[in-house]
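Please read the following as a guided walk, with the sequence and the coordinates open beside the text. The route goes from the chains as wholes to their contact, and then to cores, strands and single residues.

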Amino acid sequence: MRFGPRLFLILSGLIVALVVLTATIASRILQRTYEPVSQRAISAASAVILSTIDDRDHRARLLLRPLTNDARIKGGLTARAGLADPEGLGGKTDEERTKNANDYFESFVDEYWVDDEQDVMMLVGADGTLAYGEAGDGARSLLENEVMNNLQVSTLLGAIATGNESARMLWSGPRLRSDAPVLPGLTKGLYLAAGSRVVFHTSGIGGDEVVGAALVASHRLELERVSATGADAVFIDRGKPIDSTFRSRDAGSEIEDAAAAWLATKPTGKAAVTLAGVPHYALPLAVPGLVEGPVKAGVFYSRAEEFERIKAAQTELAGIGLGVVLLAMGIAVALSRNLSRPINQISEAAGRVAKGDLQVTVPADRKDELGDLARRFNEMVQGLKERALAKDALGRYLSPEMATDVVGGKGLSMQGQRRELTILFCDVAGFTTISESLEPEALVELLNQYLDAMVKVLLAHGAYVDKFEGDAIMAFWNAPRDSADHATRACLSILEMCAEAKRISIEWKAAGKPGFGVRYGLNTGPAIVGNMGATDKINYTAIGDTVNLASRLEGANKQYGTELMISEETYAQAKDHVEARELDLLQVKGKLKPVRVFELLARKGQLTGLQQKVRSDFAAGLKAYRERRFGEAKAIFESMPADGPSRTFAARCDRFLAQPPPADWDGTYAMQTK
Amino acid sequence: MEGVITVKRDGQPAYAKNTLVYLGDTVEGAKPTKPALMAQQGRAFDKVVLPIVRRGVVRFTNEETLENIYHHVFSPDPKVGINSKKYRPTDDPYDTRPLDRVGPITVFCDIHKEMISTVYVVPNDFYTLLSSAEGATAPYKLQGIPAGKHKLTVWHRSAKAPLEVDVVIQDGKTTKLDITLEGTTEIEASLLKHQRRDKVDYRALMPDGGSPGESEDKWK
């Protein structure tokens, strides 16, 4: 993947993760904020219900105590049970006794104050049948049905019968047959039903006997106070909702049914439940001290507001997050472009450099690492360019192969060192004359043509072209690259150069341009070679007497009318490959020791017949000359008037004949000019 | 004879209604031939005071509209012997035996504590019950009393005992006498605190000492 998209993806991923993290944290904070609120509401609602139940319990006890201690009730229930007839009610059969007792209760029990709206009171015989019931007017038959058919009352009676003197339980009110009229003033809801046994005190052996029970369901539990806590309550009886605070709301019955279904699972503790799609906290209400019956109560707290707040916060965060992501996208794109563009530029430039284009530069105005990279790259290209230039320049003086090695620093040392070199100086004879006859442009053109040709030959023979001075060339062999046969190479090189120069000269003359001749001087010997010069301008060159002598030899050609003069040392090393003749024993200016000099004639074995004859005759002349037989020598030399050296020696013989050299003359000729 | 009866309670004028004025036993009345009727309806006696001439019988009827409402008339004084046992409207009414001793007989219901009445046995037909009196004073008139010395007796249930006043009646002449009867609230209120026939309370006391049904406020 490209750098830009990757950077963008990483940044986007980080931001999305950050947004998700923030949203999660915000949700948790809100949840923690709401949890105590819901806890308080649930606790408050539970407390309201429990305190109300406590109040109902108190009311029920107030009513139960006199009921169960009323002599008339005890007497009536006793008579009803057939134990005795303390009230004188009479009755021969159980049916009569029951009727009489029930009528008896009917006669007075209504003096017990019962709230027609709310309270339910029942007297139940030992057989579990209703003796008297009051719940508003004309409720008896309905209550009878209740007692006979209602599991709840049975449960309470059971609890009373099995040892508890009194017992209490939650009661959902009379459960009426569907076709029965509604009990006037008595609505379904949550009641506290309390019951106490009624005992007939006998003094006989049997002891006290339970003759019935009084039951009181006191005041329906109103839900308004529960609603005021912010929480909700639901009461169920055998899974069916009886009453709830949800009823007055939209979709309240659905929530109520869901809450009832949850309560029906007999949960034991606080839970988070979803009621008809609305999240709630839920707590089953446990009332201590009650007989377990089918009626359950639960307290609920809607988390809708909490979830709305969380959703709103999340939406807000998502919006902010989206904005941040978009912003980050922009930044990422800009940043990645900002980063990748220079990298791409450098990459592209590097590709061009690889293909040899060294004119490349990349913008390097940045202040950062990429700017550094670009600057370094430009420096590198500049370096490459300089090296290429150097290589190119070197190529003018060295063979391409050698130039490559030099530039590559391979096996070659440009450091200063002393080594044996063969050094060439060559110069166009009478160049001044030529230069005066030509326009400068034409002169430069001709000169360049000539120099090109010469350098080509030099490079072909492994020479290092040291420098040009106008028409003059200095070159040497065996440095910087090692060359064991440097003297031979040098000799063969100037032979070829000489031929090339003559060819050019002939061409020029044919073209109406001036012809020319060239003088060459070769010397072999030790020299100091290396990079020399100031820091800014360095030249790899050679210095020393050997160099000077080569230059002298080049100039000395003028004395002898020769073109190719080489030193004895050069000849000694190249003699197996070239033909030459000894010219003289020459003492150059500034040197005490004479140097034996030779004229290079041809490659080995390529002398013409004339050349061979001239060489042997000249040698004979030279021998005579050195033995001070100047007349004889003069005759030999003058026999070869076309030969430049012979002419020189003939003239010298004339001078010695006129004025003989000193007695210790050893044949050396001291050159007066450089 | 005639005059005005003023009834005071605790020294203050009180209502004079149901004050009984009669002539003492200086004159023997004839034995009544029919029972005097006392109806029980709406869990109350229909008369606060029922005068009856000596040797007469009182018939207590149960006239409740609901058939299953029992009543049980009794007198706390066992010597009087009024005790109806429990009976419903469908049962036969209860007739006392002939009442011989002159004076007030308080009657209660053994089931309904708030049912209170007085059967007053008078010696003769010279009596009048101020049953329609309003206020603390009420006029009375007894006609046809034979001339001679008599004891005029005035009774109200708030008085400790009947008040006897000596009067002389002359033929063809109307005797005028105004009488003031002193009574107390306590005596009247004590009637409300009676127990059942078998000397037990009608209702067990509430934990706070009250009786259920006496005050609704205690329940609210």
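**From chains to residues**

In this predicted model, the secondary structure of chain A amounts to 18 helices and 19 strands. Of the 674 residues in chain A, 39% are buried, and among the contacts of chain A that link residues at least 6 apart in sequence, 63% are between residues at least 24 apart. Chain B is assigned 1 helix and 15 strands; buried residues account for 35% of its 220 residues, and here 63% of the contacts between residues at least 6 apart in sequence join residues at least 24 apart.

Where the two chains meet, 19 residues of chain A are in contact with 17 residues of chain B. On the chain A side, the helices α1 (3-69), α2 (71-81) and α3 (94-108) each contribute at least two of the residues that touch chain B, and this side of chain A is made up of 9 nonpolar, 3 polar and 7 charged residues.

Turning to the interior, the largest nonpolar core holds 124 residues, and A:L123 and A:A259 are the ones with the most contacts inside it. Helix α1(A) gives the largest share of this core, namely 10 residues. A second core, separate from that one, has 59 residues, including A:L424, A:F476, A:A574 and A:F598. If residues up to four places away in sequence are left aside, A:A259 touches A:V234, A:S244, A:F246, A:L275, A:G298 and A:F300.

One of these neighbours, A:L275, leads to a hairpin in chain A. Strand β8 (residues 271-275) and strand β9 (residues 278-284) of chain A run antiparallel and are joined by 5 bridges, and A:L275 has A:V278 in β9(A) as its bridge partner. Between the two strands of this hairpin there are 2 residues, and A:A276 adopts a positive phi near 50°.

Which residues does A:M474 touch, once those up to four places away in sequence are not counted? They are A:L424, A:F425, A:D466 and A:K467, and A:L424 also appears among the residues of the second core. A:M474 itself lies in strand β13 (residues 472-477) of chain A, and it counts as buried because it has 22 C-beta neighbours inside 10 Å, where the cut-off for a buried residue is 20 or more. Although A:M474 and A:T541 are 67 residues apart along the chain, their C-alpha atoms are separated by 9.3 Å.

Helix α13 (residues 486-510) of chain A allows a check on geometry: its 25 residues, at 1.5 Å a residue, should span 36 Å, and its end C-alpha atoms are 35 Å apart, so the two values agree. Just after α13(A), A:G512 has a positive phi of about 80°.

In chain B, an open sheet of 4 strands follows the order β5-β10-β9-β7, and its pairing is mixed. The edge strands of this sheet are β5 (49-53) and β7 (73-74) of chain B, each of which pairs on one side only. Strands of a sheet pair through backbone hydrogen bonds, in either a parallel or an antiparallel sense. For strand β9 (residues 103-109) and strand β10 (residues 116-122) of chain B the sense is antiparallel, over 6 bridges, and B:G103 finds its bridge partner in B:V121 of β10(B).

Terms used:
Residues are numbered from 1 along each chain as its sequence is written. Chains are lettered from A and ligands numbered from 1 in the order in which they are written. This is a predicted model: local features need pLDDT of at least 70, side-chain atom pairs count only at pLDDT 80 or more; totals for chains, interfaces and linings use all residues. A residue is buried if 20 or more other C-beta atoms lie within 10 Å of its own, exposed if 12 or fewer, and partly exposed in between; C-beta atoms are placed from the backbone. Two residues are in contact if their C-beta atoms, placed from the backbone, lie within 7 Å. Ala, Val, Leu, Ile, Met, Phe, Trp, Tyr, Cys and Pro count as nonpolar, Asp, Glu, Lys and Arg as charged, and the others, Gly among them, as polar. A nonpolar core is a set of buried Ala, Val, Leu, Ile, Met, Phe, Trp, Tyr and Cys residues joined through C-beta atoms within 7 Å. Two strands pair if DSSP finds at least two bridges between them. The expected span of a helix is 1.5 Å times one less than its number of residues.
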